[in-house]
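Hi,

Here is the structure I promised to send over. Have a look at it first, and my notes follow underneath.

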Amino acid sequence: MEETKPIFGVAGTPTNFKGKFKDLFAWLRDMGLNAYEIQCVYGFKISDVNKEIYKQEQQNGMFFSIHAPYYINLGSKNTPSVEKSKEYMRQGIELAKSIGVNRIIFHPGGGHDNTPEGRKIAIKQLIDAVNEITLNTDMGDVRFYPEIGGKTANLGSLDEIIEICKQCKYCYPCIDIAHLHAREVGSLVDKQAIRDRLDKIKAEIPEKFKHIHFHAYTIQYNDKGEMHHLVHGENMKDGSVGKPNLEEFVEVLHEMDIQPWVISEASDSQEIGAKYMRDLYYKDIK
Ligand SMILES: [Zn+2]
Ligand SMILES: [Zn+2]
């Protein structure tokens, strides 16, 4: 399935949902939400029962992406762990194909020196690893989405994500705007700042920009970047309103007339954050 309008959804199963898993998707649809990011963050494993549920729910209009395990690290200094990561990514491709899912989100990782030179080496290594995987694997419709990293030391700055997407045919941008804000130590101060980042992506990788994937929520950070995801509506520790500002983000989506997937990763309130953005977006559209 291809998106023809922006879709909004959640990362994993909200803690506020108390029913049976198979009934989750009707609960989400009742809120106008039709995307769900499957959290394979501890391994590319999905039970047969849940595979059937995902396949069925795609018929009911749900869109699914898969978040890869946290231990995957294609940017590691440790060669065996890069080799293992490649193997896991191949498993992820097979899993995604088996349930008709075409977006795999992954963290670029890290481990080389956090210097411009060290980061360049790591990104080059990651690009080579991804290209090796995709060259030797039937990708079907599956695409990889390297995600913006939340900490300043993580790989996955905006420029690095753009570079990966330029060099890897199968890579598309996962722009976690909260991670971006945190790793740039509070950079997304207003609507123009958000717009500038998206304009840059659009200018540099226009075809891939059309299939952009967002994570959007507010975040607590310090001078090293991400500390933790905030609950939707929660203030920062200093009492200020949580950023990045979701109203401004939604306005930018309108202005740019794009059809992204927007996944809320608000802590224990992802459906509330997703519905908030969804309702803001569609309130002007009859
Ligand atoms: Zn992530
Ligand atoms: Zn994220």
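I177 touches L188, I194, F214, A216, P244 and F249, leaving out residues up to four places away in sequence; a contact here means C-beta atoms, placed from the backbone, within 7 Å. Before going on: this is a predicted model, where local features need pLDDT of at least 70 and side-chain atom pairs count only at pLDDT 80 or more, while totals for chains, interfaces and linings use all residues. Residues are numbered from 1 along each chain as its sequence is written, and chains are lettered from A and ligands numbered from 1 in the order in which they are written.

I177 also turns up in the largest nonpolar core, which has 76 residues; those with the most contacts inside it are I104, V130, I177, A216 and M277. (Such a core is a set of buried Ala, Val, Leu, Ile, Met, Phe, Trp, Tyr and Cys residues joined through C-beta atoms within 7 Å. Buried is 20 or more other C-beta atoms within 10 Å of a residue's own, exposed is 12 or fewer, and partly exposed is in between.) Helix α4 (residues 116-135) gives the largest share of this core, seven residues. Helices (H or I, at least four residues) and strands (E, at least two) are DSSP runs, numbered from the N terminus.

Now for helix α3 (residues 79-98). Its 20 residues reach 29 Å from first C-alpha to last, close to the 28 Å expected at 1.5 Å a residue (that is, 1.5 Å times one less than the number of residues). V82, S85, Y88, M89, G92, I93 and A96 are its buried residues. Seen down the axis, they fall within an arc of 155 degrees, so they line one face of the helix; the arc is taken from the directions from the helix axis to the C-beta atoms. Their cover includes β3 (63-67), β4 (103-106) and α4. P80, E83, E87 and S98, on the other side of α3, are exposed.

Then the sheet: it is open, with eight strands in the order β5-β4-β3-β2-β1-β10-β7-β6 and parallel pairing (strands pair if DSSP finds at least two bridges between them). β5 (143-146) and β6 (174-176) stand at the edges with a single partner strand each, so one side of each has no neighbour in the sheet. β1 (residues 7-11) and β2 (residues 35-39) pair over three bridges, and A11 has E37 in β2 as its bridge partner.

One last spot is D190, in the loop between α6 (177-183) and α7 (191-204). D190 is exposed because it has 12 other C-beta atoms within 10 Å.

Cheers

Methods:
Two residues are in contact if their C-beta atoms, placed from the backbone, lie within 7 Å.
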